[in-house]
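Here are some notes to read alongside the model. Please keep the structure open while going through them.

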Amino acid sequence: MVFGQLTYRESIRDIFNCLNAHQSKVYHLGLKDLVNATTLSRANETRDWRIWADFAAHLISVARPLYLKDNDFTLELDNAVYALDASTIDLCLDVFKWAKFRKKKGAVKLHTLLDLRGNIPVFIDITDGKVADVNVLDKIAFEVGAFYIMDKGYYDFARLFEINSSSAFFVIRAKSNLQFKRIYSHPIDKTTGLKCDQTIEFTGTKSIKDYPEKIRRIKYFDSEKSKTYIFLTNNFQIDALTITKLYKNRWQIELFFKWIKQHLKIKKFWGQTENAVKTQIWIAVCTYLLVAILKKQLKTERSLYNILQILSVSAFDKTPINQLLMSSHLHSNENATHKQLRMFDL
């Protein structure tokens, strides 16, 4: 398979050359000599990060069709379902002076829109740590009929109304100080944990101006966590319990962030500029997508971590990748790691 001028193996080789390091020097896989980390840092600082962002966009277009009918997504919905969230990556402000977050702390944010049918990222934006999560809603082109699942960080009625005006749907946690009046209540089965399913209108001066239409309010008690949740959505067609299950699926994006940080080494950066940091993060995303594509196209039962482990020590091996994955006797310690994404569980 060829992506532009890059083959799978060439892409993986270059990625692992960037991701693997040992103290102040970097190993080029398959080579005896070591390369100074400063050489890699200089390359990261001068080569435009958008090359990797464009490559990731192409990989997304390849990966998404492979997971459209993924069996891990159990809800019986024809709609596309996306989870939106952001993860903060801490940086030393004395070194990364451009990445201002707090008075004595630096950080960047990885804003991600994750397709829950396969856990493939479809939109990524990297900003400094000060940018509020909700601002990324201004950069997303909302898909007609799709669901966007969000937490309280995206609680902005004007922006939510933009989603509604785009003929898309949202599910979001409500805040405790919500001002509203009930128009009418829908019947529910309280044995499922549902407490109420209401059609409401906002009564607050600003909220009714920003969101002038009716909205749906669902209250649910999770007996496993002994916690009550209140959701707001602009969808009045699907049943209330499905709304709660949609929000529960949002946690897949938390696992995505954990997996990226844990296995793709983006806590240590080679290069101090914004370009260098963005380059390394996009390389990590490209690695994730490449291995996800390999898993599906080669129809292997190996987990993502196991595939990554095999490729990391054989990037210069001339054995075809499918044979590597079939014959490799490498033992994975993934059972000792944090929970994997469902798509990649054995």
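The points below take up one strand, one lysine, the nonpolar cores and one helix.

1. Status of the model. This is a predicted model, and the remarks that follow should be read with that in mind.

2. Strand β5. Start with the strand that covers residues 81-91. Nine of its eleven residues are buried, so β5 is largely enclosed by the rest of the structure.

3. The neighbours of β5. In which sense does β5 pair with β9, and in which sense with β7? With β9 the pairing is parallel and runs over three bridges; Y82 has Y148 of β9 as its bridge partner. With β7 the pairing is antiparallel and runs over ten bridges. There, D90 is matched with A107 of β7.

4. A lysine in β7. Strand β7 spans residues 105-115, and K109 lies in it. Is K109 buried or exposed? Its relative accessibility is 11%, and because the cut-off for buried is under 20%, K109 counts as buried.

5. What surrounds K109. The side chain of K109 comes to 3.0 Å from the backbone oxygen of V131. Leaving out residues up to four places away in sequence, K109 touches ten residues listed by name, including S87, T88, D125, D128 and D133.

6. The largest nonpolar core. In general, nonpolar side chains in soluble globular proteins tend to be buried together. Here the largest nonpolar core has 68 residues, and F147, L246 and L289 have the most contacts inside it. Helix α8, residues 274-297, supplies the largest share of this core, with 14 residues. Apart from this core lies another, of 29 residues, among them V134, F157, L160 and I172.

7. A closer look at L246. Not counting residues up to four places away in sequence, L246 touches L75, L77, V81, F147, I149, V171 and I238. Of these contacts, F147 is also among the residues with the most contacts inside the largest core.

8. Helix α4. Which residues of α4, residues 157-165, are buried? They are F157, R159, L160, F161, I163 and N164. These buried residues pack against the strands β9, β10, β12 and β14 and against helix α5. Two of the buried residues, F157 and L160, also belong to the core of 29 residues.

9. The ends of α4. At the N-terminal end, D156 acts as a cap: one of its side-chain oxygens lies 3.2 Å from the backbone nitrogen of A158. After the helix comes S167, whose phi is positive, near 60 degrees.

Notes. Residues numbered from 1 in each chain as written. Predicted model: local features only at pLDDT ≥ 70, side-chain atom pairs only at ≥ 80, totals over all residues. Heavy atoms only, no water. Helix = DSSP H or I, 4+ residues; strand = E, 2+ residues; numbered from the N terminus. Buried < 20%, exposed > 50% of the residue type's maximum accessible area, 1.4 Å probe, protein only. Polar contact = N/O pair within 3.5 Å; in protein donor to acceptor, adjacent residues only side chain to side chain. Contact = heavy atoms within 4.5 Å. Core = buried A, V, L, I, M, F, W, Y, C linked by side-chain atoms within 4.5 Å. Pairing = 2+ DSSP bridges.
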